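User: I would like to learn how to read a protein model, one feature at a time. Could you walk me through this one?

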Amino acid sequence: MRVWQITEPGGPEVLRLDERPDPVPGPGQLVVRVRATGVNRADTIQRMGHYPAPPGAVADVPGLEYVGEVESLGAGCVLRAAGDRVMGLVGGGAYAERLLVNERETLAVPPHLDDTAAAAVPEAFLTAWRAVALEGELPRGGWCIIRGATSGIGTAATQVVRALGARSLGTGRGQSRLEAAAGHGLDAMFVDDGSATLADAVAAASDGRGADVVLDLIGGDGLPEALKALRPEGRLVLVGLMAGRKAELNLGAVLMNRLTVRGMTMRSLPLERRIALARRFEGEILPLFAEGVLAPVLDREIPFDEAPEAHRLMESGTHLGKLVIRQ
């Protein structure tokens with residue numbers, strides 16, 4: 001099979017097509033013939049040498065999400081059959097023609113989604129749902145700030161918030177991109193250009209209540225301002241660090257307002273936690289795609305042979321929604 005190998009840390013040019021043996025499934029495992037792969041910022045960070053794959057994952061082939069059909073099954077598999085369309089998350093290795101996965105981590109592809117659309121679902125919607133609903137405990141009628149609302153996770157979170165009966169305020173650097181994201185359900189917008197504060201914008205939108213949850217995909221120096229926008233006992237769920245790893249916090253405000261700051265990753269979770277999330281997501285959230293409540297947001301698809309171009313597009317920051325590599 002062909003894979004895209006990271007030959008050394010560096011720019012998109014360090015990705016190289018390589019030939020490797022087809023995987024063989026062990027007990028409880030499936031081999032999936034990959035048809036499409038979602039592109040994530042984590043892929044580019046891994047390529048630059050800053051985000052190594054977790055133990056047990058393919059170390060030099062990027063790719064955290066996939067869609068395809070089951071090609072072969074190991075002993076003991078009972079959930080899927082050969083030919084079933086599946087999608088899901090992996091610790092790495094999805095930039096490949098075939099992929100070895102644990103059967104219990106797979107998700108059934110909603111019948112109305114083609115491969116490209118389905119590849120835009122797992123990382124964005126599993127992450128958004130877990131962050132907002134499970135870690136953030138967003139209440140019905142509450143407010144959620146989405147820092148980075150035009151990203152794949154951001155546009156997914158906008159829809160998840162609305163599906164939970166809550167409201168969202170999305171932040172971004174450009175008015176036009178935020179306006180496009182608003183079409184997916186944002187209730188308010190905040191252009192992060194220094195002309196106003198996020199706390200004031202949230203207070204105005206929420207009639208002074210403040211936000212119940214911040215889904216923070218950005219990190220960096222803007223994190224203290226995001227904490228100011230929370231109501232007492234609010235929760236900030238930190239998922240990304242696009243603006244940097246360091247911020248200076250007023251711990252007195254965190255203490256006196258009884259705030260919670262929680263870090264969240266998907267890739268490094270233990271196997272049984274990942275399986276439990278997948279099984280719950282398939283039962284509770286996937287039906288909402290068939291009902292039209294949720295829908296993947298696609299920017300464009302890129303041919304498999306042009307994977308480095310997908311990384312260039314990701315790093316340009318000009319896309320809205322998901323980039324997908326299609327085979």
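User: Let's begin with burial: what share of the residues of the protein chain counts as buried?

Analyst: Burial is read from relative accessible area: buried means under 20%, exposed over 50%, and partly exposed in between, with a 1.4 Å probe and protein chains only. Here 54% of the 327 residues of the protein chain count as buried. Before we go on, this is a predicted model, where local features need pLDDT of at least 70, side-chain atom pairs count only at pLDDT 80 or more, and totals for chains, interfaces and linings use all residues. Residues are numbered from 1 along each chain as its sequence is written, and side-chain values use heavy atoms, with hydrogens and water left out.

User: Thanks. How many helices and strands are there in the protein chain?

Analyst: Both are DSSP runs numbered from the N terminus: helices are H or I with at least four residues, strands are E with at least two. The protein chain has 11 helices and 15 strands.

User: And what does the radius of gyration say about the protein chain?

Analyst: The radius is taken over C-alpha atoms, and the globule rule is 2.2 Å times the number of residues to the power 0.38. For 327 residues, a compact globule would have a radius of gyration near 20 Å, and the protein chain agrees because its value is 20 Å. Along the principal axes, the C-alpha atoms fill a box of roughly 60 × 40 × 35 Å.

User: How should I read contacts, and what share of them join residues at least 24 apart?

Analyst: Contact means heavy atoms within 4.5 Å. Taking contacts between residues at least 6 apart in sequence, 70% join residues at least 24 apart.

User: Could you show me contacts around a single residue?

Analyst: Happily. L323 sits in strand β15, residues 322-326, and it counts as buried because its relative accessibility is 0%. Setting aside residues up to four places away in sequence, L323 touches T37, G38, V39, D299, R300, I302, A310, L313 and M314. For a contrast in space, L323 and A188 are 135 residues apart in sequence and 25 Å apart, C-alpha to C-alpha.

User: Which residues is I6 in contact with, beyond its neighbours within four places in sequence?

Analyst: I6 contacts V14, L15, Q46, R47, D60 and P62. I6 belongs to strand β1 (residues 2-6) and is buried, at 13% relative accessibility. The C-alpha atoms of I6 and Q46 are 8.7 Å apart, with their positions 40 residues apart in sequence.

User: Is V261, in strand β13, buried, exposed or partly exposed, and what is it in contact with?

Analyst: V261 lies in strand β13, residues 260-263, and is partly exposed, with a relative accessible area of 42%. Outside its neighbours within four places in sequence, V261 is in contact with L227 and L236. Its C-alpha atom is 9.4 Å from that of V214, 47 residues away along the chain.

User: Where is G183, and is it buried or exposed?

Analyst: G183 is in the loop between α5 (175-182) and β10 (188-191). It is exposed, with a relative accessible area of 68%. G183 and T158 are 25 residues apart in sequence, and their C-alpha atoms are 9.7 Å apart.

User: Now backbone angles: where is the phi of E137 positive or negative, and what about E233?

Analyst: Both are positive, in residues other than glycine: phi is near 55 degrees for E137 and near 70 degrees for E233. E137 is found in the loop between α3 (122-135) and β8 (143-147). E233 lies in strand β12, residues 230-238, and is partly exposed at 42% relative accessible area.

User: How many disulfides are there?

Analyst: A disulfide is a pair of cysteine sulfur atoms within 2.5 Å, and by this rule the count comes to zero. Two cysteines to look at are C77, buried with a relative accessible area of 17%, and C144, buried at 0%.

User: Last one: how far apart are the mean positions of the positive and negative charges?

Analyst: Lys and Arg count as positive and Asp and Glu as negative, while His and the chain ends are not counted. Each charge is placed at NZ of Lys, CZ of Arg, CG of Asp or CD of Glu. For the 35 positive and 41 negative charges of the protein chain, the mean positions are 3 Å apart.
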